[in-house]
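Biologist: I would like to learn how to read the sheets, helices and individual residues of a model, one feature after another. Could we begin with the general idea each time and then turn to the case at hand?

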Amino acid sequence: MMTIHKEGRTLLFGLLVVLFLINFAVSYFLPELRLVQNLVIGVSVIFYLLILQFFRNPVFDISRNDNQVLAPADGKVVVIEETTETEYLRDRRKQVSIFMSPVNVHVNRMPVGGVISYFKYHPGKYLVAWHPKSSTENERTTVVAKMKNGTEILFRQIAGALARRIKCYVKEGQPLQQGDEFGFIKFGSRVDVFLPLNARVVVKPGDITKGGRTVIAEL
């Protein structure tokens, strides 16, 4: 089942009105130019469908497992490496990064269940999402979920060259289940997940993920 995400409803309604007015004006002022009218109609339909697909929001059952980490986003795995997380955890972690293209679903979902122990929004630049400095210099939000066993998993929404609207709906102290929606990035970008070193990553670079459905690691 597919629905329209709340982030796109106002924009889509406004766009529908604008496109209707444009087509009405072309039909009214150029009544003899049927080819032009049909061309404008065709372009309007294609453009509207392109914007519409940005805001699709699939509804599905989520298989929750405290020993697994789910992908936080639809996209492609672009980074798997050991690194030092310097903002909150301040220790060595395994980083898994998922790149969201403009054609992906843009809903972000909780990779694990737990209580939000840290949240911070960082204003910043809009480098392309695969740029090495994008994770530290771009606009981003950092979220940490503390699981029932005390393990903390950090994940970060990162804006890209096109994605200049990050939405994050969580607050510190809020309990959320694995797979619950925690945010939305308009027009694609990247999500990083920082896992304990003893986590077993089960995806590889180039793999395609589905947010809330694909298992990316086992704890």
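Modeller: Two strands are taken as paired if DSSP finds at least two bridges between them. Please keep in mind that this is a predicted model. With that rule, an open sheet of three strands appears here, in the order 6-12-10 and with antiparallel pairing. Its edge strands are strand 6 (107-109) and strand 10 (166-168), each of which pairs on one side only, and the twist from one strand to the next averages 20 degrees.

Biologist: Over how many bridges do strand 10 and strand 12 pair, and which residue stands opposite Cys 168?

Modeller: Strand 10 and strand 12 (residues 181-185) are joined in the antiparallel sense over three bridges, and the residue of strand 12 that stands opposite Cys 168 is Gly 183.

Biologist: How should I read the sheet of eight strands, and which strands stand at its edges?

Modeller: In general, the strands of a sheet pair through backbone hydrogen bonds, either parallel or antiparallel. In this model the sheet of eight strands is open, with antiparallel pairing and the order 11-7-8-9-13-5-4-15. Strand 11 (175-176) and strand 15 (208-209) are the edge strands, and because each has a single partner strand, one side of each is left without a neighbour in the sheet. At one of these edges, strand 11 runs antiparallel to strand 7 and is joined to it by two bridges, with Val 115 standing opposite Pro 175 of strand 11.

Biologist: Which strands pair with strand 5 in that sheet?

Modeller: Strand 5 (residues 91-100) pairs in the antiparallel sense with strand 4 (residues 75-85), over nine bridges, and in the antiparallel sense with strand 13 (residues 189-195), over seven bridges. As examples of the register, Val 79 has Ser 97 of strand 5 as its bridge partner, while Ile 98 has Val 191 of strand 13.

Biologist: What should I look for in the loop between strand 4 and strand 5?

Modeller: The sign of phi is a useful thing to check, since most residues other than glycine have a negative phi. Arg 90, found in this loop, has a positive phi of about 55 degrees although it is not a glycine. The hairpin to which Arg 90 belongs has five residues between its strands. Arg 90 counts as exposed because its relative accessibility is 61%, where the cut-off for exposed is over 50%.

Biologist: Is Gln 95 of strand 5 buried or exposed, and what does its side chain meet?

Modeller: Gln 95 lies in strand 5 and is buried, because its relative accessible area is 7% and buried means under 20%. Its side chain makes a polar contact of 2.8 Å with the side chain of Ser 97. Leaving aside neighbours within four places in sequence, Gln 95 is in contact with several residues, among them Val 79, Ile 80, Arg 190 and Phe 194. By way of contrast, Gln 95 and Ser 44 are 51 residues apart in sequence and 41 Å apart in space, C-alpha to C-alpha.

Biologist: How is His 122 placed, and which side chain does it join in a polar contact?

Modeller: His 122 is found in strand 7 (residues 114-122) and counts as buried because its relative accessibility is 12%. Its side chain and that of Glu 87 are joined by a polar contact of 2.7 Å. With neighbours within four places in sequence set aside, the contacts of His 122 are Glu 87, Asn 138, Glu 139, Arg 140 and Thr 142.

Biologist: What span should helix 1 have, and against which elements do its buried residues pack?

Modeller: At 1.5 Å a residue, the 24 residues of helix 1 (residues 6-29) should span 34 Å, and the end C-alpha atoms are 36 Å apart, which agrees. The buried residues of helix 1 include Leu 12, Leu 15, Leu 19 and Val 26, and the elements they pack against are strand 1 (2-4), helix 2 (34-54), strand 10 and strand 12.

Biologist: At what angle do the axes of helix 1 and helix 2 cross, and which residues make the contact?

Modeller: Their axes come within 10 Å and cross at roughly 175 degrees, which means that helix 1 is roughly antiparallel to helix 2. Among the residues that make the contact are Leu 11, Leu 16 and Ile 22 of helix 1, together with Val 40, Phe 47 and Ile 51 of helix 2.

Methods: Residues numbered from 1 in each chain as written. Predicted model: local features only at pLDDT ≥ 70, side-chain atom pairs only at ≥ 80, totals over all residues. Heavy atoms only, no water. Helix = DSSP H or I, 4+ residues; strand = E, 2+ residues; numbered from the N terminus. Axes fitted to C-alpha atoms, helices over the stretch in contact; angles between N-to-C directions. Expected span 1.5 Å × (residues − 1). Buried < 20%, exposed > 50% of the residue type's maximum accessible area, 1.4 Å probe, protein only. Contact = heavy atoms within 4.5 Å. Polar contact = N/O pair within 3.5 Å; in protein donor to acceptor, adjacent residues only side chain to side chain. Parallel < 35°, antiparallel > 145°, perpendicular 65-115°, else oblique.
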